[in-house]
Amino acid sequence: MKKILIINGHPNQESFNFAVQTAYKKGALSGSNEVQEINLAMLDFNPNLTVGYCAKQALEPDLQLAQKKIQWADHIVWIYPLWWGMMPAGLKGFLDRTFLPGFAFKYRNNSDRWDKLLTGRTTEIICTIDYPIWYFKWFLGEGGVKVMRKMVLDFCGLKTTKTTYLGPIRPSAMTDRQVWLGQMEALGASH
């Protein structure tokens, strides 16, 4: 049994990403896991880290709760679309505001090194894309997803166990989407 946190970075609650989230959660719960969720579309926070790390910026209640959920989790699932090869702006703002020094990492004094404060947790990424998946992987080099894995998650100590791409979404038929949702339920049940 795992404590699984699903973070949905799509700003539109009517998007296919929310169906993906529901299917994954259904599968995870079938395996007697505990599941909590964060839906960025429902959070109230300023996504701008207005002064960088020069001074502390008070966290809104939704971000305080998000940090508690992240600390609670054994496994974090990120669900978001790729727009211009990257995560949506709201998800980037969420990371800027929650994955802070002292919470997700800690710089060492007089050093270019840091401590990873979220170690001991695993994570996976599920992205919806409009590119053919082979094109995104082999010709575009997975751009923004590599940044998420290496420069955000690994930087903070989260071990990425899997990256799943669903797409191309825009031209997909309902039958394609049903197959993907079945795969997401099975993926959730695999924990």
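Visitor: How many bridges join strand β3 to β6?
Guide: This is a predicted model. In it, β3 covers residues 75-81 and runs parallel to β6. One facing pair is His75 with Thr122 of β6. The number of bridges joining β3 to β6 is seven.

Visitor: Which residue in β7 is the bridge partner of Glu124?
Guide: Strand β7 spans residues 159-166 and runs parallel to β6. Seven bridges hold these two strands side by side. Within β7, Glu124 has as its bridge partner Lys162.

Visitor: How many of the seven residues of β6 are buried?
Guide: β6 takes in residues 122-128. In the sheet order, β6 stands between β3 and β7. The strand is mostly covered, and its buried residues number six.

Visitor: What is the order of the strands in the open sheet?
Guide: The sheet has five strands, and their pairing is parallel. Its edges are β2 (34-39) and β7, each of which pairs on one side only. Neighbouring strands are turned by 15° against each other on average, direction ignored. Read across, the order is β2-β1-β3-β6-β7.

Visitor: Which residue of β2 stands opposite Ile4?
Guide: Strand β1 runs through residues 3-8. It pairs with β2 in the parallel sense, over six bridges. Opposite Ile4, in β2, stands Val35.

Visitor: At what angle does helix α3 run to β3?
Guide: Two helices lie across β1, β2 and β3. One is α2, residues 61-72, which runs at about 145° to β2. The other is α3, residues 89-98. Helix α3 runs to β3 at about 145°.

Visitor: Which residue meets the side chain of Glu60 in a salt bridge?
Guide: Glu60 sits in the loop between β2 and α2. Its partner lies in helix α3, 37 residues apart, so the cited pair links distant parts of the chain. Both residues are buried. With N to O at 3.0 Å, the partner of Glu60 is Arg97.

Visitor: How many salt bridges does a search of the whole structure find?
Guide: One of them joins Glu60 and Arg97. Asp112 with Arg113 is another. Arg149 with Glu142 is also among them. The search finds a count of eight.

Visitor: Is Asp112 buried or exposed?
Guide: Asp112 forms a salt bridge with Arg113, the closest N and O atoms being 3.8 Å apart. Arg113 has a relative accessible area of 52%, so Arg113 is exposed. For Asp112 the relative accessibility is 65%. The cut-off is over 50%, so Asp112 counts as exposed.

Visitor: Why does Glu142 count as buried?
Guide: Glu142 pairs with Arg149 in a salt bridge, the closest N and O atoms being 3.6 Å apart. Arg149 is buried, with a relative accessible area of 17%. The cut-off for buried is under 20%. Glu142 is buried because its relative accessible area is 15%.

Visitor: What accessible area does the nonpolar surface patch with Trp134 have together?
Guide: Trp134 lies in helix α4, residues 133-138. At 52% relative accessibility, Trp134 counts as exposed. Its patch companions are Tyr131, Tyr135, Trp138, Phe139 and Leu140. Together these residues and Trp134 have an accessible area of about 730 Å².

Conventions
Residues are numbered from 1 along each chain as its sequence is written. This is a predicted model: local features need pLDDT of at least 70, side-chain atom pairs count only at pLDDT 80 or more; totals for chains, interfaces and linings use all residues. Side-chain values use heavy atoms; hydrogens and water are left out. Buried means under 20% relative accessible area, exposed over 50%, partly exposed in between (1.4 Å probe, protein chains only). Helices (H or I, at least four residues) and strands (E, at least two) are DSSP runs, numbered from the N terminus. Two strands pair if DSSP finds at least two bridges between them. Patches are made of residues with over 30% relative accessible area and no salt bridge: like charges are joined within 9 Å, nonpolar side chains (Val, Leu, Ile, Met, Phe, Trp, Tyr) within 5 Å. Accessible areas come from the Shrake-Rupley method with a 1.4 Å probe; for residues, only the protein chains shown count as cover. A salt bridge is a side-chain nitrogen of Lys or Arg within 4 Å of a carboxyl oxygen of Asp or Glu. Axes are lines fitted to C-alpha atoms, for helices over the stretch in contact, and angles run from 0 to 180 degrees between N-to-C directions. Contact means heavy atoms within 4.5 Å.
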